[in-house]
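Please open the model in your viewer and keep the selection panel at hand. The tour below goes from one selection to the next and says what is found at each stop.

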Amino acid sequence: MWSGRSPAGTGRRLRLLKDGGRDADNDAVGERTFLRCLAIVPAFNEEASVASVIAEIRDADPRFEILVVDDGSTDGTRELASAAGAHVVSLPFNLGIGAAVQAGFEYARRRGYDLAVQLDGDGQHDPADLATLLAPVVAGDVDIAIGTRFAAERHYRPSFARRLGIGLFARVVSTIVRQRVTDTTSGFRALNRSGIRLFAADYPHDYPEVEATVLARRHGLRLAEVPVRMRYRTEGCSSITAPRSAYYLVKVSLALMIGLFRRYPALETR
Amino acid sequence: MTSMRASTVAALAAVLLIGVVLELIRSRRLQERYALLWLLTGGVILLLAIWRGLLGVVAEAIGIHYPPSALFAVAAVFFLVVLLHYSTVISKLAETNKTLAQRLALLETELEEHRVEHAPAQRVA
């Protein structure tokens, strides 16, 4: 586990306990001793915050390579991210958060990253929590770690309607995955190769987090929630408005119900 | 007779529909695979409009006493099938479109990396 600080750039000799052996099999280079980590930052018109998010990730853990998935931004997001030293994948037009994140996972899969962390380009996820979030994945205890707002701190106070929606989905998802899930809407996640491979192949379109959690569990991946801090948006405004919340509620409910009757083919996730 | 006139109008509409669909195919604005459902719809309406005996049987079977209403009910069902079919076509298109856009973006990134790597020395400055 790399919760301890190590000098920049050197990295510690780490192996994914669970996946280490198997990775060596399908890795032409042979045994892998260093973990290659990718931070996936989906960004749609986030020029005000994207550069500072990149800088913060660097500060928190310099070993991370950073990929900004520009989801058809019309502002300077792409140029600023590139100037800040991030890899940039620029979608030709706005595809929505689900497709943007999925493109990031496909990038990670193609280039053989061992770990991927997804965090929003608006700065609401604190890169200082990266080590905490990664710990259970690096230890090989789980395939996907989900940063949750509710487990620890009390700063986050969503509106009543939102709390209701979040609570409802938490209840439903917990039942489906037979495991306690408190924050189903969190887009702050860490994944190992199994998680990357699954989400590169199959990821929901819009408001993807709730369905993605269920999807991962139905494919037999192991999940854990990790308490993290969430910050209020520093710039821009949340994409969640009243009519969209209604759409969100109905769309995700429908997807969850249909999902119960869907067969999940054994993907080559391991 | 009202019923007779309704059948005539329906028959003309069906012929018009079939004609328009055929013309769209001829001018390559409509692919055959998407035209088949429309032609089937037009064909069924036409059949029921001119073969009034069959329309009577259908109306009786579905419990509608006024046969021309049965004709339009049948037509409505076919329109629904066509619309639903197009919804699935659109979903499929959206999915392939998404995948294409993702692949394109990933390829552009890779291409750009290759350009930088293999750029002639004088152009790097």
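**First stop: an exposed arginine**

Select A:Arg110, which is exposed, with 11 other C-beta atoms within 10 Å; a residue counts as buried if 20 or more other C-beta atoms lie within 10 Å of its own, as exposed if 12 or fewer, and as partly exposed in between, with C-beta atoms placed from the backbone. This is a predicted model, in which local features need pLDDT of at least 70 and side-chain atom pairs count only at pLDDT 80 or more, while totals for chains, interfaces and linings use all residues. Residues are numbered from 1 along each chain as its sequence is written, and chains are lettered from A and ligands numbered from 1 in the order in which they are written.

A:Arg110 has its place in helix 4 of chain A, where helices (H or I, at least four residues) and strands (E, at least two) are DSSP runs numbered from the N terminus. If you add A:Ala83 to the selection, you have two residues that are 27 residues apart along the chain and whose C-alpha atoms are separated by 24 Å.

**Chain A as a whole**

Now select chain A, which holds nine helices and seven strands. Of its 270 residues, 44% count as buried. Among the contacts in chain A with a separation of 6 or more, 75% are accounted for by residues 24 or more positions apart, a contact being two residues whose C-beta atoms, placed from the backbone, lie within 7 Å.

**The nonpolar cores**

Which residues touch the most other members of the largest nonpolar core? Select A:Leu67 and A:Val69, which do so among the 71 residues of that core; a nonpolar core is a set of buried Ala, Val, Leu, Ile, Met, Phe, Trp, Tyr and Cys residues joined through C-beta atoms within 7 Å. Helix 4 (residues 97-110) of chain A gives the most to this core, with eight residues. Not counting residues up to four places away in sequence, A:Val69 touches several residues, including A:Ile40, A:Val41, A:Val89, A:Leu91, A:Ala100 and A:Val101. Another core, of ten residues, lies apart from the largest one, and B:Ala10, B:Ala49, B:Leu55 and B:Ala59 are among its members.

**Helix 4 against helix 7**

Keep helix 4 of chain A selected and add helix 7 (residues 193-201) of chain A: the axes of the two come within 8 Å and cross at roughly 130°, where axes are lines fitted to C-alpha atoms, for helices over the stretch in contact, and angles run from 0 to 180 degrees between N-to-C directions. That angle makes helix 4 of chain A oblique to helix 7 of chain A, because angles under 35 degrees count as roughly parallel, over 145 as roughly antiparallel, 65 to 115 as roughly perpendicular and the rest as oblique. The contact is made by A:Gln102, A:Phe105, A:Glu106, A:Ala108 and A:Arg109 of helix 4 and by A:Ile196, A:Arg197, A:Phe199 and A:Ala200 of helix 7. By class, these residues divide into five nonpolar, one polar and three charged; Ala, Val, Leu, Ile, Met, Phe, Trp, Tyr, Cys and Pro count as nonpolar, Asp, Glu, Lys and Arg as charged, and the others, Gly among them, as polar.

**Helix 8 and its partners**

Next select helix 8 (residues 209-218) and helix 9 (residues 242-260) of chain A, which pack at an angle of about 15° with their axes 9 Å apart. Helix 8 of chain A is therefore roughly parallel to helix 9 of chain A. A:Val210, A:Glu211 and A:Val214 of helix 8 make the contact with A:Val252, A:Ala255, A:Leu256 and A:Gly259 of helix 9.

Then replace helix 9 by helix 6 (residues 160-177) of chain A, which packs with helix 8 of chain A at an angle of about 10°, their axes being 10 Å apart. Here A:Phe169, A:Val173, A:Ile176 and A:Val177 in helix 6 meet A:Val210, A:Thr213, A:Val214 and A:Arg217 in helix 8, and this contact has six nonpolar, one polar and one charged residues.

**Two loop arginines**

Select A:Arg178, found in the loop between helix 6 and strand 6 (189-191) of chain A, where phi is near 55°, a positive value in a residue other than glycine. A:Arg178 counts as exposed, with 7 C-beta neighbours inside 10 Å. In chain B, select B:Arg28, placed in the loop between helix 1 (2-26) and helix 2 (32-50); B:Arg28 has a positive phi of about 60° although it is not a glycine.

**Last stop: where the chains touch**

Finally, show both chains: the contact takes 13 residues from chain A and eight residues from chain B. On the side of chain B that touches chain A, the residues divide into four nonpolar, two polar and two charged.
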